[in-house]
Amino acid sequence: MWNRRNALGALGALGTTVALPALAQFRVEIAGIGATQLPIALLRFRDEENSSQPISPVIRADLERSGLFRFVDGAAQHDETGSPSFNDLRGRGADALVAGSVARLADGRFDVRYKLWDVVKGSDLGGQSLAVPAPDLRLAAHRIADAIYEKLTGEKGVFATRIAYVTKGGGRYALRVADADGEGGQVAVTSGEPIISPAWSPNGKELAYVSFESHKPVVYVQDTSTGARRQVANFRGSNSAPAWSPDGQTLAVTLSREGGSQIFLMPREGGTPRRVTQSSAIDTEPAFTPDGSALYFVSDRGGSPQIYRQPVNGGNAERVTFNGSYNISPAISPDGKTLAFVQRQGGSTFKVMTMDLASGNLTTVSDTSDDESPSFSPNGRFLIYATRTRGQEVLMTSTLDGKIRTRLLTSGQDIREPVWGPFGR
Amino acid sequence: MSQSLSFSPIQRAGLGAMLAATLLAAGCASSVKLDDTPVETRTPKAVDSQPPAQTSQSGVNTVDLNKNDLGASAVGKVVYFDFDSFVVKEEFRSVLEGNAKMLNASKQRKLTIEGHTDERGGREYNLALGQKRAEAVQKSLALLGVADGQMESVSYGEERPAVQGSDEAAWAKNRRAELKDR
């Protein structure tokens, strides 16, 4: 019915700009070239208006934002039980149907149920029942959107993942955590001094970041659900650029304790650092390879900042970027095959680029010129990054080839340093 | 009848003592000012304590009013840098010498050197560049005899501009190292 190649090759979006409901301070705009999309009927979930958070609008917005789906309206109301009227749906041009219900349980939680049908074949593609407390209703909707996405495209969805980013406004800084759609933003840390370089732990439970609250950069790790935090690196001088190893046990950090800026490894609880880079230049912005054996990092040992790669346990640094005189902020895709980074072009233009590591081929991702901080989605399909347009800092998400971009708009705060969280929370 | 100004021996002694006391007072006051008074407060202090043990009771320290601006801070606290550079330029020698003098005269005094950059470029790379600027100032102070233990170099990168703006005038004011008493 809908083969994987179709879905992946034709990442198209709607021809017009769609502004989704501004429920919070974020709005998502989709712009891009339209291509084939799967026509889907998504019905209102029975009794969803009786809970604090209706489910079907969130699913619809998620699927819409992926650019792979076109919605067929007007079909008869139905829930997840029984059999829908396939003829009617085919007549309306729908290839798939989603229907469901929401019921309040005796203990106060909600039972959210859905089912997905292949309308063309007239068959049941399965469904689920999720029992969640009220605060997790949005999460339940995102999980259902992921399940539908995965069933119909063969790819793992990222709708239930989270992002973290820093806002600056009114002289205050905040490290925030939101759903990947930008909704539900919560403050993890608020400060009158700068916060930079957030980094998700691989299990999604902790955030490392750099705080200037003691008037120098210090690396902290904080449990996002409890708020408990600890200093991991507060050595003499500056401590920054935390990056987690894939097993979550080690942090790579940039320390000036031995002079200059060099990269060290620290146990996640803090302790004794072990120096990795050995140069008299600036070495910073470490990023582990997916197997944890090597670090990508930025070094100006060759005269200007370029990206290098070095094994963690001994071995020489090998230069990776050769195009242009200023390449920084490396991020590596989950499959290890693509490097995203920021390249300075022509003096004052900074653009997010990707490099296919096997061939060395470069692709320009953004169409803006003041980009920073690219970060991969955990399915490796998208990048999130920050940019400045019309004097304001905003977040963008994009497919790796730059063909489909969405903009997360804010209500007046500067927003920077986004990092995409892992699967699972 | 005109009287010549003459003093009895006792008066002479008293006057001499007064003069000596005044000289002593002048000597003590100026040594207190240079060593222990923060540079912003320049009001003269009444001498009501013993002079520090290491200062001779006969010495007189000269306050050169031409060199020191009594209205504002006498010892400069900022060093500015060229774009992409961490070289401490000759024009800031007096800033370094003034701070070195203060630190060498009082070994328990500590200094934090904060490095900053303008807004252009990546945050973490700029943090490292700011660190280089702070360390260049620290190195210059060490060459003037200041102990490393009295100094800590840190960086704010581009995060704390002194001047808002996106032109060279603003950028030039943000590429700096600030010397802060701790």
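This report describes a predicted model with chains A and B, from the overall form of chain A to the sheet of chain B and two unusual backbone angles.

## Chain A as a whole

The secondary structure of chain A consists of four helices and 31 strands. Its radius of gyration is 23 Å, close to the 22 Å that the globule rule gives for 425 residues, so chain A is as compact as a globular protein of that length. Measured out along the principal axes, its C-alpha trace spans about 70 × 50 × 40 Å.

Of the 425 residues in chain A, 48% are buried. Among the contacts in chain A that link residues at least 6 apart in sequence, 44% join residues at least 24 apart.

## The sheet of chain B

Chain B contains an open sheet of four strands in the order 1-4-2-3, and the pairing is mixed. Strand 1 and strand 3 of chain B are the edge strands, each pairing on one side only. On average, neighbouring strands of this sheet are turned by 20° against each other, direction ignored.

Both kinds of pairing can be followed from strand 2 of chain B, which covers residues 111–116. Strand 2 and strand 3 of chain B run parallel and are joined by six bridges; G115(B) has S155(B) in strand 3 as its bridge partner. Strand 2 and strand 4 (residues 176–181) of chain B, in contrast, run antiparallel and are joined by five bridges. There, the bridge partner of E114(B) is E178(B) in strand 4.

## Strand 3 and helix 3 of chain B

Strand 3 of chain B, residues 151–157, is mostly covered, with seven of its seven residues buried. M151(B), S153(B), S155(B) and G157(B) point one way from this strand, while E152(B), V154(B) and Y156(B) point the other way; all are buried.

Helix 3 of chain B (residues 123–143) forms a right-handed β-α-β unit together with strand 2 and strand 3 of chain B. This helix lies across strand 1, strand 2, strand 3 and strand 4 of chain B, and runs at about 150° to strand 3.

## Where the two chains touch

The contact takes 25 residues from chain A and 17 residues from chain B. On the side of chain B that touches chain A, helix 3 and strand 3 of chain B are the elements that give two or more residues. Helix 3 of chain B provides the largest share of that side, eight residues. By type, the residues on this side of chain B divide into six nonpolar, four polar and seven charged.

## Two residues with positive phi

Most residues other than glycine have a negative phi. Against that background, one residue in each chain may be noted.

In chain A, E285(A) has a positive phi of about 55° although it is not a glycine. E285(A) is placed in strand 19 of chain A, which covers residues 283–288. Because E285(A) has 31 C-beta neighbours inside 10 Å, and 20 or more suffice, it counts as buried.

In chain B, D84(B) is a residue other than glycine with a positive phi, near 60°. D84(B) is found in the loop between strand 1 (78–80) and helix 2 (93–105) of chain B. With 13 C-beta neighbours inside 10 Å, a count between the limits of 12 for exposed and 20 for buried, D84(B) counts as partly exposed.

Technical notes: Residues numbered from 1 in each chain as written. Chains lettered and ligands numbered in written order. Predicted model: local features only at pLDDT ≥ 70, side-chain atom pairs only at ≥ 80, totals over all residues. Pairing = 2+ DSSP bridges. Right-handed = clockwise from strand over helix to strand, strands pointing away. Contact = placed C-beta atoms within 7 Å. Nonpolar A, V, L, I, M, F, W, Y, C, P; charged D, E, K, R; others polar. Axes fitted to C-alpha atoms, helices over the stretch in contact; angles between N-to-C directions. Rg over C-alpha atoms; globule rule 2.2 N^0.38 Å.
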